[in-house]
Amino acid sequence: MGNEFFRRKEYREAAKAYAAALKTDPRNPTLYRNRAAVFAALGLWKECGRDTGKVVELMPNNRKAMLRHKSVVDFMTNFNKVRAGGYDRQNLTIVNLLTPE
């Protein structure tokens, strides 16, 4: 259900759906990754970083999960430092990197 809300760009409803699913399956890394994508689309970077970190915790040898988490952390670290042209495009790149599968 969360994926359908995400496709329709109903991000708050998608976040609620993923949160409900996580209550029944709290060790499912895909749910955390998908909710991270929702948080990124909403610009909630702290929450996004928390969820991508949880994916890395659940899948410590998954390089793709590590890349996603590092991308979010780097974005948050540089957000207030770099506001030059093109930085908003980087935001879109991260959102696309996290898009639910």
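**Figure 1. Overview of the chain in the predicted model.** Of the contacts in the chain (heavy atoms within 4.5 Å) with a separation of 6 or more, 49% are accounted for by residues 24 or more positions apart. This is a predicted model, in which local features need pLDDT of at least 70 and side-chain atom pairs count only at pLDDT 80 or more, while totals for chains, interfaces and linings use all residues. Residues are numbered from 1 along each chain as its sequence is written, and side-chain values use heavy atoms, with hydrogens and water left out. The chain has six helices and zero strands; helices (H or I, at least four residues) and strands (E, at least two) are DSSP runs, numbered from the N terminus. Buried residues (under 20% relative accessible area, with exposed over 50% and partly exposed in between; 1.4 Å probe, protein chains only) make up 37% of the 101 residues.

**Figure 2. Close-up of helix α2 (11-24).** The 14 residues of α2 should span 20 Å at 1.5 Å a residue, and the end C-alpha atoms are 20 Å apart, which agrees; the expected span is 1.5 Å times one less than the number of residues. Buried in α2 are Tyr11, Ala14, Ala15, Ala17, Tyr18 and Leu22. These residues lie on the same side of α2, because they cover an arc of only 165° around the axis, the arc being that of the directions from the helix axis to the C-beta atoms. They pack against α1 and α3 (29-42). Arg12, Lys16, Lys23 and Thr24 are exposed on the face of α2 turned away from its buried side.

**Figure 3. Close-up of Lys9 in the loop between α1 (2-7) and α2.** Most residues other than glycine have a negative phi. Lys9 is not a glycine, yet its phi is positive, about 65°. The residue is exposed, with a relative accessible area of 61%.

**Figure 4. Close-up of helix α4 (residues 45-58).** The end C-alpha atoms of this helix are 20 Å apart, in agreement with the 20 Å that 14 residues should span at 1.5 Å a residue. The buried residues of α4 include Trp45, Cys48 and Leu58.

**Figure 5. Close-up of the pair formed by Trp45 and Phe75.** The structure holds two aromatic pairs; rings of Phe, Tyr and Trp (its six-membered ring) pair if their centres lie within 6.5 Å, and planes under 30 degrees apart count as stacked, over 60 as edge-to-face and the rest as tilted. Trp45 and Phe75 form a tilted pair, 4.5 Å centre to centre with 50° between the planes. This pair links distant parts of the chain, with Trp45 in helix α4 and Phe75 in helix α5 (residues 63-78), 30 residues apart. Both Trp45 and Phe75 are buried.
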